[in-house]
Amino acid sequence: MFATRGGIGAHALSPQTMTMVKKPHLIYGTAWKKDDTSDLVYKAVKTGFRFIDTACQPKHYNEAGVGLGWSSAAKDLGLERSDIWLQTKYTSVGGQDPTNFPYDPSSPIEEQVRSSLDVSLKNLKTTYLDSWVMHSPMKTMEKTMKAWRAMEEAVDQGKVRQLGMSNCYTLEEFKSIYQQARIKPAVLQNRFYADSDFDTELRKFCKDAGIQYQSFWTLSANRHALNKPEVKQMAKQRGLTPQTFLYAFLMSLGYVTPLDGTTNQAHMTEDVALMKRLQGGEKLFDGESELRQFAKLLGMPEL
């Protein structure tokens, strides 16, 4: 049980336990929050979020702000490092701001990966990562696997607990990475939207292989569905907003974990309340038929 001295919404289970038993949860996303990052992460943890995602990519993330935010909140709440689940990413040269690299871009790929990890550990005020994700496949499979091998070394050294991939939208490419990897990806984090057919084939592969599918851009890309009268009515019947209802739908699938990047305190409170309802065993969908009904409204071909 978490040791807490204040705040609201503290979970009764550690993140490790929730992951092990596949308890539904949201991951607090920290992209594009700039100078507000530390304050927002602090508020998220105080409200009840325990899973946090970031990246070693100054172009879009303030990783050091994440470290300050979670550690300050944990200190105030009496939480240990093991009560917080931290995930960050290695971002290749092509995804970085050319005026603000977190590592030497002229060094070999393996050194870039190792340096990125060192920076992340320092920024996040931790000696290990719960999850380390490659921000996207590189230009060639050879380069992708060269970076992946370096990431695997970090797992061997006890600095990282699991690896993952992001922004990989073809089943063939992801399967190739999976097959070549000595330490298999435990996570696939992708944009969840109609343009990619909601990653139907990739999600099926993840479900069958026991890989956690993390969705981002979940609300922004699906506003059309959330505005449908049928969706609003279904949400209202459960005491939810259309936005929290979409989160509830994805978490109810059992293998999908949405990223939640809200900057609104009221929405944080709503989202934590939803997690607590689901973690307490409440069923918000009446079986597969109701899940399929909502999927059809969303435009998803398959669950």
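**Note on a predicted single-chain model**

1. **A loop lysine with distant partners.** Setting aside neighbours within four places in sequence, Lys159 is in contact with Leu117, Asp118, Thr127, Tyr128, Leu129 and Ala154. The model is predicted, and so are these contacts. Lys159 belongs to the loop that runs between helix 5 (141-156) and strand 5 (163-166). One of its partners deserves a second look: Tyr128 is 31 residues away in sequence, yet the two C-alpha atoms are 4.5 Å apart. Lys159 counts as partly exposed, at 28% relative accessibility.

2. **Overall build.** How many helices and strands does the chain have? There are 12 helices and eight strands. The radius of gyration is 19 Å, close to the 19 Å that the globule rule gives for 303 residues, so the chain is as compact as a globular protein of that length. The C-alpha trace spans about 55 × 45 × 35 Å along its principal axes.

3. **Contacts along the chain.** Take the contacts between residues at least 6 apart in sequence. Of these, 74% join residues at least 24 apart. Lys159 and Tyr128, at 31 residues apart, give one pair to look at in the model.

4. **Inside and outside.** Buried residues account for 53% of the 303 in the chain. The exposed area is about 13400 Å². Carbon and sulfur atoms supply 50% of that area.

5. **Charges.** The chain carries 38 positive and 34 negative side chains. The centres of the two sets lie 3 Å apart.

6. **Cysteines.** How many disulfides are there? The count is zero. Cys168 shows why: its sulfur is 9.4 Å from the closest cysteine sulfur, in Cys206, which is too far for a bond. A disulfide would need the two sulfur atoms within 2.5 Å. Cys168 is buried, with a relative accessible area of 0%. Cys56 is buried as well, at 3% relative accessibility.

7. **The start of helix 4.** Ile109 lies in helix 4, which covers residues 109-123. Is Ile109 buried or exposed? Its relative accessible area is 14%, so Ile109 counts as buried. Beyond its neighbours within four places in sequence, Ile109 is in contact with Tyr90, Met138, Lys143, Lys146 and Ala147. Ala147 is 38 residues from Ile109 along the chain, and their C-alpha atoms are separated by 6.1 Å.

8. **A covered helix.** Helix 10 (242-252) is mostly covered. Nine of its 11 residues are buried. Among them are Phe245, Leu246, Tyr247, Phe249, Leu250 and Met251. Pro242, Thr244 and Ala248 are also buried. What covers these residues? The cover includes strand 7 (212-216), helix 8 (223-226) and helix 9 (229-237). It also includes strand 8, helix 11 (265-279) and helix 12 (287-298).

9. **After helix 10.** Gly254 follows helix 10 and has a positive phi, near 95°. This glycine sits in the loop between helix 10 and strand 8 (256-260). Gly254 is partly exposed, with a relative accessible area of 46%. In sequence, Gly254 and Leu188 are 66 residues apart; in space, their C-alpha atoms are 15 Å apart.

10. **Two positive phi values outside glycine.** Most residues other than glycine have a negative phi. Trp32 has a positive one, near 65°. Asp199 also has a positive phi, near 50°. Both are worth a look in the structure. Trp32 is in the loop between strand 1 (27-29) and helix 2 (37-47). Asp199 is in the loop between strand 6 (187-191) and helix 7 (200-209).

11. **Accessibility of these two.** Which of the opposite words, buried or exposed, fits Trp32? Trp32 counts as exposed, at 61% relative accessibility. Asp199, in contrast, is buried, with a relative accessible area of 3%.

Key
Residues are numbered from 1 along each chain as its sequence is written. This is a predicted model: local features need pLDDT of at least 70, side-chain atom pairs count only at pLDDT 80 or more; totals for chains, interfaces and linings use all residues. Side-chain values use heavy atoms; hydrogens and water are left out. Helices (H or I, at least four residues) and strands (E, at least two) are DSSP runs, numbered from the N terminus. The radius of gyration is taken over C-alpha atoms; the globule rule is 2.2 Å times the number of residues to the power 0.38. Buried means under 20% relative accessible area, exposed over 50%, partly exposed in between (1.4 Å probe, protein chains only). Contact means heavy atoms within 4.5 Å. Accessible areas come from the Shrake-Rupley method with a 1.4 Å probe; for residues, only the protein chains shown count as cover. Lys and Arg count as positive and Asp and Glu as negative; His and the chain ends are not counted. The place of a charge is taken as NZ of Lys, CZ of Arg, CG of Asp or CD of Glu.
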